[in-house]
Amino acid sequence: MSSSVLSPTAVAQLSPRRKSLVLAICCISIVVVVMDISIVNVALPTMGRDLRASESGLQWTVDAYTLVLAGFLVLAGSTADRVGRRRVFQAGLAAFGLGSLLCGLAPGIDWLIAARVLQAVGGTMLNPVAMAIVANTFTDAAERARAIGVFASMSGLALALGPILGGGLVDAFGWRSVFWINVPIVAVAIVCAALFVPESRAARARRFDPVGQALMVLVLGSVVYAIIESRSLGWTSPVIVGLLAVAALGVAGILGYEPRRSDPLLELRLFRSVPFGSAIVMALFAMCGFGAFLFVTTQYLQDVRGLPPVTAGLCLLPVGLPVLVISPLTGRLVGERGPLLPLVVAGTALALGGAASLWLRPDTPLPAALAIYLLFGVFLGTINPPITNSAISGMPRSMAGLAGSLASTGRQAGMTLGVAISGTVVGPEITRGGTAFTSTAHGVWWMILVLGTGILTLGALSSTPWARRTAERASVMVEAQS
């Protein structure tokens with residue numbers, strides 16, 4: 001495959017088989033990146049014992065990864081538009097593979113967290129860039145919607161299958177194997193990308209925005225650090241109050257600085273589209289809820305119920321199996337009829353899952369717990385395709401990569417907050433286990449119920465004729481000013 005950049009016409013003339021291969025390679029990348037968010041959760045108890053890690057250390061094992069993903073996804077997407085999407089995609093695969101290898105070799109929790117940061121740096125070059133590659137490979141509107149549906153469904157599938165695969169790996173080969181498994185997959189993906197993925201760039205690349213990037217990382221980092229450390233320092237601690245003040249100043253800086261740039265990192269004009277703005281908030285709500293569920297549930301199954309990792313992973317089959325069945329159907333449904341019905345189903349399932357979890361106890365019959373987990377599986381199987389479609393549809397093609405990046409940023413920020421909040425809520429009771437843990441977890445389940453209700457409300461609002469008109473106006477305005 002030549003390294004030259006193909007024109008949009010040449011890309012459009014790729015054979016259906018070649019397009020399918022490109023989609024498959026992009027899907028592999030999203031699976032390994034997203035799976036590494038959830039696959040680690042089932043390994044946390046074993047990892048904590050082996051590395052003698054504190055609860056906040058375990059939280060940072062998850063959140064260091066998702067925080068970097070959230071903070072740098074938009075930068076990676078705009079960089080790929082400038083220097084070449086395939087080139088950045090391959091660099092991301094290499095960094096992710098190296099980070100995975102180092103995670104598996106980490107001698108302590110601090111080394112593991114540092115390796116997770118490197119892994120996430122690679123991940124930032126995969127998620128939004130793969131989305132942009134898919135959007136530019138499939139140029140027909142209906143074909144593109146179906147491809148985006150398939151790609152988006154892989155995210156939910158990876159989140160759901162991570163704990164199941166992780167449980168088997170931890171039980172058979174130890175916790176380090178959940179990282180080592182990535183290395184051969186990434187190596188194959190690098191070769192396939194070189195052979196089959198066409199190089200592409202944006203017609204006009206967005207310029208680097210160092211101030212916007214710094215402000216975004218400052219806000220996310222300050223909020224997450226404050227939440228995680230609030231348990232040990234207290235909410236009234238000068239450190240926590242100072243971090244929250246820094247975050248507030250960062251938000252003010254973003255609102256004041258970004259609109260003045262011709263190529264801002266955060267294109268705030270896109271938020272004049274109600275469907276787009278709702279999609280970003282729903283992405284944050286969705287992954288905040290699922291991240292909290294996953295963090296609490298994997299420790300409930302192992303530390304409270306005393307199940308081994310492989311059994312705990314298998315207990316999450318009711319989450320994974322519906323995603324396998326429902327996600328492809330959801331992608332097609334969104335392409336044919338729009339996002340409303342899947343969003344209603346997803347919001348309802350998440351709210352019901354949070355409400356039903358309030359009745360979980362150490363001695364709750366396992367079939368009853370599995371039935372509750374089935375609700376989270378229905379939620380995960382229906383949430384990602386409509387969010388991605390809502391974020392991208394109606395936007396100019398030149399903005400597809402940026403819109404997809406912002407949706408992914410919402411997801412990762414939500415996952416980061418979900419783990420940080422749930423760990424802070426249940427952390428003191430994990431070592432005590434039993435009724436103390438399940439009673440404390442009620443705060444997490446109530447939060448999930450509220451988040452599900454929020455998705456249901458925003459899904460209905462963003463599908464109204466008024467909301468669609470705001471999307472049309474925002475698209476015309478952004479395209480005219482670009």
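1. Gln412 and its contacts. Leaving out residues up to four places away in sequence, Gln412 touches Ile37, Thr66, Leu69, Ala70, Leu73 and Asn127. This is a predicted model. Gln412 belongs to helix α17. With a relative accessibility of 4%, Gln412 falls under the 20% cut-off, so it counts as buried.

2. The largest cavity. Asn127, one of the contacts of Gln412, also appears in the lining of the largest cavity. That cavity has a volume of about 90 Å³. Eleven residues line it, and Asn127, Phe151, Thr388, Ser408 and Arg411 lie nearest its centre. Helices α6 (127-137), α7 (141-173) and α17 each supply at least two residues of this lining. The largest share is from α17, with four residues. By class, the lining holds five nonpolar, five polar and one charged residue.

3. The second largest cavity. The structure holds five cavities of 30 Å³ or more. The second largest has a volume of about 70 Å³. It too has a count of eleven lining residues, with Ser78, Arg207, Asp209, Pro264 and Leu265 nearest the centre. Helix α3 (residues 55-83) gives the largest share, three residues. The lining divides into six nonpolar, one polar and four charged residues.

4. The largest pocket. What is the volume of the largest pocket? About 580 Å³ of space lies in it. The lining counts 19 residues, and the closest to the centre are Leu220, Leu266, Phe271, Ile280 and Leu284. At least two lining residues come from each of α10 (210-233), α11 (238-257), α12 (274-304) and α17 (400-430). Helix α17 gives the most, five residues. The class count is 16 nonpolar, three polar and no charged residues. Helix α17 therefore deserves a look in both places: it gives the most to the lining of the largest pocket, and the largest share of the lining of the largest cavity.

5. Helix α2, span and bend. Do the ends of α2 fit its length? The 36 residues of α2 should span 52 Å at 1.5 Å a residue, and its end C-alpha atoms are 49 Å apart, which agrees. At Ala43, α2 bends by about 55 degrees. A proline, Pro45, follows within four residues.

6. Helix α2, cover and end. Is α2 mostly covered or mostly open? It is mostly covered, with 27 of its 36 residues buried. After α2 comes Arg52. The phi of Arg52 is positive, near 55 degrees.

7. Met47 in α2. Met47 sits in helix α2 (residues 16-51). Its relative accessibility is 0%, so Met47 counts as buried. Which residues does Met47 touch, beyond those up to four places away in sequence? They are Val40, Arg52, Thr61, Leu112, Trp175 and Phe179. Arg52, the residue with the positive phi, is thus listed among the contacts of Met47.

8. Met47 and Leu58. These two residues are eleven apart in sequence. In space, Met47 and Leu58 are 8.2 Å apart, C-alpha to C-alpha.

How values were computed: Residues numbered from 1 in each chain as written. Predicted model: local features only at pLDDT ≥ 70, side-chain atom pairs only at ≥ 80, totals over all residues. Heavy atoms only, no water. Buried < 20%, exposed > 50% of the residue type's maximum accessible area, 1.4 Å probe, protein only. Contact = heavy atoms within 4.5 Å. 1 Å grid on protein atoms, 1.4 Å probe; cavity = no way out; pocket = protein on both sides within 12 Å on 5 of 7 lines; lining within 4 Å. Points joined across faces, edges and corners; volume = space filled by probe spheres on them. Nonpolar A, V, L, I, M, F, W, Y, C, P; charged D, E, K, R; others polar. Expected span 1.5 Å × (residues − 1). Bend = angle between axes of the 7 residues up to and from the residue.
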